[in-house]
Amino acid sequence: MSNWVEFYDFKHSVIYVNARHRDVHYRTIAQDIRGYVPASTAQVLDYGCGEATSADLVAAACGRLVLAEAAPNVRASLSMRYAGNPKIAVVSADQAMAMPKASFDLIVMHSVAQYLGEAELDRMLAAFRTLLKPNGLFVIGDIVPPHFAAPAAALALLHFGAANGFFWAAVSGLMRIFVSDYLRLKRTVGLSHYTEEAMLERLKRAGFAAERASRNIGHNQHRMTFLARVA
Ligand SMILES: C[S@@+](CC[C@H](N)C(=O)[O-])C[C@H]1O[C@@H](n2cnc3c(N)ncnc32)[C@H](O)[C@@H]1O
C-alpha cells in the first residue's frame, strides 16, 4: 500500500471501528451536507465521498447527486448500493473533474484535503471553481489544523462512540490504528494541515470568496469547514 487512495480502498477500512461507527459517521455527514443543499432541484457533487452509506438522504433533498470516488473497490460498492436510485450517479474522481463547466450548485469535499499535497489541492480548487455554477457553493470540510490533531481526533472519536453506542469498539479501534498502515503512510506520504488563515488564503488565491463555517461537518469540531463562492 503506497498511497491514501489505496488505504481507503480496503473493504473494511480501519478508520471505521465497526459497521455501526461507519454508518453513524456517514449519516451524520449526510445530514450536515443536506443542510447545505440550496434547492430541491440542486445539482450536487460529493467529491471523495468514501462509502457514503447515507447518500440517499442527500439525494432526497436535491435534484441529482454525483458521488465521486477515486478508490475503485469503494466505487464498485457505491454503484451496487445506489443502482436503484435514479438521482444518484457514481463516477471516478477523474470523470468528475472532466464534467462540463458550471455543472453544480453545490460541491462538497469533506475529509479529503488532508490526503492531498498542496499543489494537488490547488489543482482541485481550480477545477471545482470551473465546475461550480456562478452562484454555487463549494464546501470544503474536515480541514485539519496543525496542532493537537491526533489527540483531538482520538477524543472526538471516543465522544462520538460514547454518544452512539460504540465506545469500547472505539477504544480498540484506536489501538488498531496504531498498528495499521495509517501511521506508516502518515510518516511516508504525509498528511496536510492548514490553519484557518492558510486555508482562507488558498481559497482566495483559487478565486473564491470564503469564510469559515460556524461548525465543522461531522463529529470532530477541532477541524474546520469553509464555505466558498466564486469571487
Ligand atoms: C476519510 S475518507 C473521506 C470520505 C468521506 N468524504 C467522509 O467524509 O467520510 C478520504 C477520502 O479521500 C479520498 N482520497 C484520498 N486521496 C485522494 C486523492 N489523491 N484524490 C482523490 N481522492 C482522494 C479517498 O479515496 C477517500 O474516499
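1. Two strands count as paired if DSSP finds at least two bridges between them. With that rule in hand, the sheet can be read. This is a predicted model. Seven strands form an open sheet, and its pairing is mixed. The strand order is 3-2-1-4-5-7-6.

2. Next, the borders of the sheet. Strand 3 (88–91) and strand 6 are the edge strands. Each of them pairs on one side only. From one strand to the next, the twist averages 20 degrees. As background, strands of a sheet pair through backbone hydrogen bonds, in either a parallel or an antiparallel way. Both senses appear in the points below.

3. Start with strand 1 (residues 43–47). Strand 1 pairs with strand 4 (residues 104–110) in the parallel sense. Three bridges link the two. One residue pair to look for is Val-44 and its bridge partner in strand 4, Leu-106.

4. Move on to the other pairing of strand 4. Strand 4 and strand 5 run parallel and are joined by six bridges. Here Phe-104 stands opposite Leu-132, a residue of strand 5.

5. Strand 5 deserves its own point. The strand spans residues 132–143. Strand 5 is mostly covered, with nine of its 12 residues buried. Buried here means under 20% relative accessible area. Strand 5 also pairs with strand 7, this time in the antiparallel sense, over four bridges. In that pairing, Ile-143 has Met-224 of strand 7 as its bridge partner.

6. Strand 7 (residues 224–230) is mostly covered as well: five of its seven residues are buried. Strand 6 (residues 208–212) is joined to strand 7 by five bridges, and the two run antiparallel. Arg-212 stands opposite Phe-226 in strand 7. So the picture at this end is an edge strand, strand 6, set against a mostly covered strand 7.

7. Now the ligand. How many residues surround the ligand, and which are the closest? There are 19 of them. The closest are His-25, Gly-48, Glu-69, His-110 and Glu-120.

8. Three of the contacts can be checked by eye. The side chain of His-25 has an N or O atom 2.7 Å from an oxygen atom of the ligand. Gly-48 uses its backbone: an N or O atom there lies 2.7 Å from a nitrogen atom of the ligand. Glu-69 places a polar side-chain atom 2.6 Å from an oxygen atom of the ligand. As for cover, the ligand taken alone exposes 580 Å², and the protein buries 93% of that.

9. Where does the shell around the ligand come from? Helix 1 (4–8), helix 2 (19–34) and helix 6 (118–131) are the elements that give two or more residues. Helix 2 supplies the largest share, three residues. By class, the shell has 12 nonpolar residues, five polar ones and two charged ones.

10. Last, one residue of helix 2. Ile-29 is found in that helix. Is Ile-29 buried or exposed? Ile-29 counts as buried because its relative accessible area is 9%, and the cut-off for buried is under 20%. Ile-29 and Ala-55 are 26 residues apart along the chain. Their C-alpha atoms are separated by 9.1 Å.

Notes:
Residues are numbered from 1 along each chain as its sequence is written. This is a predicted model: local features need pLDDT of at least 70, side-chain atom pairs count only at pLDDT 80 or more; totals for chains, interfaces and linings use all residues. Side-chain values use heavy atoms; hydrogens and water are left out. Buried means under 20% relative accessible area, exposed over 50%, partly exposed in between (1.4 Å probe, protein chains only). A residue is near a molecule or strand if one of its heavy atoms lies within 4 Å of it. A polar contact is a pair of N or O atoms within 3.5 Å; within protein, one must be able to donate a hydrogen and the other to accept it, and residues adjacent in sequence count only if both atoms are side-chain atoms. Accessible areas come from the Shrake-Rupley method with a 1.4 Å probe; for residues, only the protein chains shown count as cover. Ala, Val, Leu, Ile, Met, Phe, Trp, Tyr, Cys and Pro count as nonpolar, Asp, Glu, Lys and Arg as charged, and the others, Gly among them, as polar. Axes are lines fitted to C-alpha atoms, for helices over the stretch in contact, and angles run from 0 to 180 degrees between N-to-C directions.
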